[in-house]
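Got your viewer open? Let's take a short walk through this one, stop by stop.

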Amino acid sequence: MSEVKVPDIGDFTDVPVIEVLVAVGDTVEADEGLITLESEKSTMDVPAPAAGTVEELLVDVGDTVSEGTVIARMSGGNEGQDDEGSGAEEGSDSSADEGGSSESSEAPDSQGLVNSRSDEEAEVDVGRVVVIGSGPGGYTAAFRAADLGLEVVLVERFETLGGVCLNVGCIPSKALLHAARVIAETEESASFGITFGEPEIDLDRLREWKGDVVGKLTGGLAGMAKRRKVRVVTGEARFLTANEIEVDGTKIDFTHCIIAAGSRSTAIPGLPDDERVIDSTGALELEDIPERLLVVGGGIIGLEMATVYEALGSSVSVVEMTDHLIPGCDRDLLKPLQARIEERYEAIVLGTKVAEVKETDKGLEVSFEGEDAPEPQVYDRILVATGRRANGDLLELGESGVEVGDDGTIAVDSQQRTNVSNIFAIGDVAGAPMLAHKATYEAVIAAEVISGEEVSYDAQSIPSVAYTDPEIAWTGLTETEAKESGRDFEIAKFPWQASGRAIATERAEGLTKLLVDPESRRILGAGIVGVNAGELIAELALAIEMGANATDVGLTVHPHPTLSETVTFAAEVAEGVATDIYAPKRK
Ligand code: FAD
């Protein structure tokens, strides 16, 4: 039996074990990871020095280890090799030498990077592709590039991977929206004779559960990065040239770089610097349940957070500058949402701006500006959800030559190339729509182009979803856009009052509509409002992508009784063959 010890891991001591990759009795190959360590700078696997069977595991998640700590005992294989120390997976990589660091007086650190601050001549080749930012754009690009056989370094300024989406965006908000839906369902069931008591909300547990959800996903990313041998470097990347960045003094050169630096919440100038004024990240922290909450901005993020806080018990008001909630969304789709929230919220004020906020002991006193502006009101918290701005303007671009627009976005061509041919940009930093699935789509293009594939941006539609209650989703051409552009189109609508499933779930306020080309009968766009609209829209995104026409969709047999049938029924309305409602074809 041989002992497996932690090899030289650079200057690090007492490094936590974040994952145990094997169990006692497992047979492993030489170099297969046994445990994962996470230092301040990166994660690294301690590999098996030789093939064999794990007889004993001497560490567990949460333990700390240093060079020489015995982590396991193994039998079989080439016993005795443990003493030679095969090196942590990342630290043992000799690629640092390939770029000429053999001339350097410094040894590579545990990531194979050379800290070149103290050596002018030090040059490093740590990988061909550097990805800046680990949100859905960045990690997808890094993983796809690694799967294509490229050497990848993923730089993230925060300790946890996943960017806005996983940490403070899509995922935590959907966890809380799930909790909100559960509460709403317990209320709704009263109409069919099932009543529950008032919900008791353990805010600490809810917060902890939301954290667990996030942790599962972000931890999974760290594991996947490791398995793909993507080097994760923690720190803020700044460009030196079009072939080199620096992260905390460590230079990393690259042949290609993918900028996936994301976006940030915009602030309203003049608002007090008061902890009761929060953005979406603050709202997701669930510090408390404010008695009166003002949501500034009636877009998707503001209304999703309003849904959460109203369900938890806040009295919610929404103020929106334009005369329309959710910009970009057709008005008929908005109606069911508006009707429901008008009943439940304290106020929804459109065409109105926040003029001033005064900090008082009683709360935040807000005065408004606009034709229908209400009297000044005092709120316990204000959530500012007025939009997001691309982070391009926060990047230090050095002599890279990358151009950034006034709005912080980085312009790209159809292959995600910036104005500098070996530097790509994807996701929020590359502009609207600022959605995670658009970021991942662009990420794959960038990685594949870099690997030599002839691909380019060719998505026919990027679906949008407001995970409000009811949800609203649309994809392809909207009715508003179609009217503005003056193009010919037909509209086919199927109201959910005629859907057996919607009636059976007491949520028949929904609507499914299609925009159809009058000549080719192809589906140009689709919009759905109702419970689960976000899931239902995917079928229509596929229809648009595949160039399906209304007959194709109408003839596709859908299971009964489902909300998905409303898609078929809307297509039947378009073709004048609907039987579930009376909608004869117009002559
Ligand atoms: P991001 O996720 O913003 O990641 C960028 C990363 O780059 C960050 O981790 C940042 O720290 C890092 N970074 C930046 N500069 C540097 C640097 N110089 N060095 C190192 N690292 C750097 N979208 C949806 O599709 N569906 C939703 O339901 C949804 N809900 C949302 C809810 C909320 C509350 C919010 C705020 C957003 C939501 N979004 C949603 C939008 C979605 O989060 C973004 O579109 C998505 O995260 C963009 O991905 P990205 O990879 O471009 O950037």
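Start by selecting Val 277, which sits in strand S17 (residues 277-278). Strands here are DSSP runs of E with at least two residues, helices are runs of H or I with at least four, and both are numbered from the N terminus. A quick note before you click on: this is a predicted model, where local features need pLDDT of at least 70, side-chain atom pairs count only at pLDDT 80 or more, and totals for chains, interfaces and linings use all residues. Residues are numbered from 1 along each chain as its sequence is written, and side-chain values use heavy atoms, with hydrogens and water left out.

Is Val 277 buried or exposed? Val 277 is buried, at a relative accessible area of 18% (buried means under 20%, exposed over 50%, partly exposed in between, with a 1.4 Å probe and protein chains only). Now add Leu 364 to the selection: Leu 364 is 87 residues away from Val 277 along the chain, yet their C-alpha atoms are 8.5 Å apart.

**Next stop: the ligand**

Show the residues around the ligand (those with a heavy atom within 4 Å of it). There are 38 of them, and Gly 137, Glu 156, Arg 157, Lys 174 and Ala 436 come nearest. By class, this shell holds 18 nonpolar, 14 polar and six charged residues. Here Ala, Val, Leu, Ile, Met, Phe, Trp, Tyr, Cys and Pro count as nonpolar, Asp, Glu, Lys and Arg as charged, and the others, Gly among them, as polar.

Zoom in on ligand oxygen atoms. At Val 164, a backbone N or O atom lies 2.9 Å from a ligand oxygen. Asp 428 has a side-chain N or O atom 2.9 Å from a ligand oxygen, and for His 437 the side-chain distance is 3.3 Å. Colour the elements next: H2 (136-147), S10 (152-156), H3 (163-168), H4 (170-188) and H9 (436-450) each give two or more residues to the shell. Which element has the largest share of the shell? Helix H3 does, with four residues.

**Last stop: the second largest pocket**

Select Leu 177, Arg 181, Thr 468, Asp 469 and Glu 471, which lie nearest the centre of the second largest pocket, among its 22 lining residues. The lining includes 10 nonpolar, four polar and eight charged residues. Highlight H4, H7 (300-312) and H8 (331-344), each supplying at least two lining residues. H4 gives the largest share of that lining, eight residues. A pocket is found on a 1 Å grid over the protein atoms alone, as an open set of points where a 1.4 Å probe fits, with protein on both sides within 12 Å along at least five of seven lines; lining residues have an atom within 4 Å of a point.

Methods
Polar contact = N/O pair within 3.5 Å; in protein donor to acceptor, adjacent residues only side chain to side chain.
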